[in-house]
Amino acid sequence: MTAGSFYNVAGISGSALASRKLRGQFTVTGAATTGGATFTVDDPDASYYLLVTAVASSGSPAADSNRILSIAKGTHSFIATVEAALGGTAVVTFDWVLVR
């Protein structure tokens, strides 16, 4: 390991509970207003922080469909709700990072 660098990190935690995931990606399409991720390993609780940001879009998504309105967090998954349905065949891709 090079000083100041991290490799093969499974998660980031600022508490006594270990994080079991670090990052991922999901899409929201067409008339949908939700998207999210299912974890391969459950978290001990839903007291984690998520940073979610839109990184790509196609098909002329509606205004505000790239903005997150709310996130429902669970131990096995999270569901993000966007402010507006995309419409038609539009697609917005979001990246996420999880920190405990």
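Colleague: How many helices and how many strands does the chain have?

Modeller: Zero helices and six strands. The model is predicted. Along the sequence the pattern reads β-β-β-β-β-β.

Colleague: In what order do E2, E4 and E5 stand in their sheet?

Modeller: The order is E2-E5-E4, in an open sheet with antiparallel pairing.

Colleague: Why are E2 and E4 called edge strands?

Modeller: Strand E2 (34–38) and strand E4 (68–73) each have a single partner strand, so one side of each has no neighbour in the sheet. Neighbouring strands here are turned by 15° against each other on average, direction ignored.

Colleague: How do you know that E4 and E5 pair?

Modeller: Pairing takes at least two bridges. E4 and strand E5 (residues 77–82) share five, in the antiparallel sense. Therefore the two strands count as paired. One position to look at is Lys73, which stands opposite Phe78 in E5.

Colleague: What makes E2 and E5 a pair?

Modeller: Five bridges, again set against a threshold of at least two, so E2 and E5 pair. The sense is antiparallel. Thr34 has Thr81 in E5 as its bridge partner.

Colleague: Which residues of E2 point to the buried face, and which to the other?

Modeller: Gly35 and Ala37 point to one face and are buried. Thr34, Gly36 and Thr38 point to the other face and are not buried. In a regular strand the side chains alternate between the two faces of the sheet.

Colleague: What is the strand order in the sheet that holds E1, E3 and E6?

Modeller: E1-E6-E3, an open sheet of three strands with antiparallel pairing. Strand E1 (23–29) and strand E3 (49–58) are the edge strands, each pairing on one side only. The twist from one strand to the next averages 25°.

Colleague: How do you know that E1 and E6 pair?

Modeller: Seven bridges join E1 to strand E6 (residues 91–99). The cut-off is at least two, so E1 and E6 are paired. The two run antiparallel. Gly24 has Trp96 in E6 as its bridge partner.

Colleague: Why is the Phe26 and Phe94 pair called stacked?

Modeller: The ring centres are 5.2 Å apart, and the cut-off is within 6.5 Å, so the rings pair. The planes stand at 15°, and stacked means under 30 degrees. Therefore Phe26 and Phe94 are stacked.

Colleague: What makes the pair a link between distant parts of the sequence?

Modeller: Phe26 lies in strand E1 and Phe94 in strand E6, so the pair ties together parts 68 residues apart in sequence.

Colleague: Why are Phe26 and Phe94 called buried?

Modeller: Buried means under 20% relative accessible area. Phe26 is at 5%, so Phe26 counts as buried. Phe94 is at 0%, so Phe94 counts as buried too.

Colleague: Why is the Phe39 and Trp96 pair called tilted?

Modeller: The planes are 50° apart. Stacked needs under 30 degrees and edge-to-face over 60, so 50° leaves tilted. The centres lie 6.1 Å apart. Phe39 sits in the loop between E2 and E3 and Trp96 in strand E6, so the pair ties together parts 57 residues apart in sequence. Both Phe39 and Trp96 are buried.

Colleague: Which residues form the aromatic cluster?

Modeller: Phe26, Phe39, Tyr48, Phe78, Phe94 and Trp96 form one cluster. The structure holds six aromatic pairs.

Colleague: What lies over the face of Tyr48?

Modeller: Lys73, at 5.3 Å from the ring centre. The distance limit is within 6 Å, so 5.3 Å passes.

Colleague: Why is Thr93 called buried?

Modeller: Thr93 has 15% relative accessibility against a limit of under 20%, so Thr93 is buried. Thr93 is in strand E6. Leaving aside neighbours within four places in sequence, the contacts of Thr93 include Phe26, Thr27, Thr53 and Val55.

Colleague: Why is Ser60 called exposed, and Asp64 partly exposed?

Modeller: Exposed means over 50%. Ser60 is at 68%, so Ser60 is exposed. Asp64 is at 35%, between the two cut-offs of 20% and 50%, so Asp64 is partly exposed. Ser60 lies in the loop between E3 and E4, and Asp64 is found in that loop as well.

Colleague: What is the sign of phi at Ser60 and at Asp64?

Modeller: Positive, at about 55° for Ser60 and near 70° for Asp64. Ser60 is not a glycine, and neither is Asp64.

Note on methods
Residues numbered from 1 in each chain as written. Predicted model: local features only at pLDDT ≥ 70, side-chain atom pairs only at ≥ 80, totals over all residues. Heavy atoms only, no water. Helix = DSSP H or I, 4+ residues; strand = E, 2+ residues; numbered from the N terminus. Axes fitted to C-alpha atoms, helices over the stretch in contact; angles between N-to-C directions. Buried < 20%, exposed > 50% of the residue type's maximum accessible area, 1.4 Å probe, protein only. Lys NZ or Arg CZ within 6 Å of the ring centre and 35° of its normal. Contact = heavy atoms within 4.5 Å.
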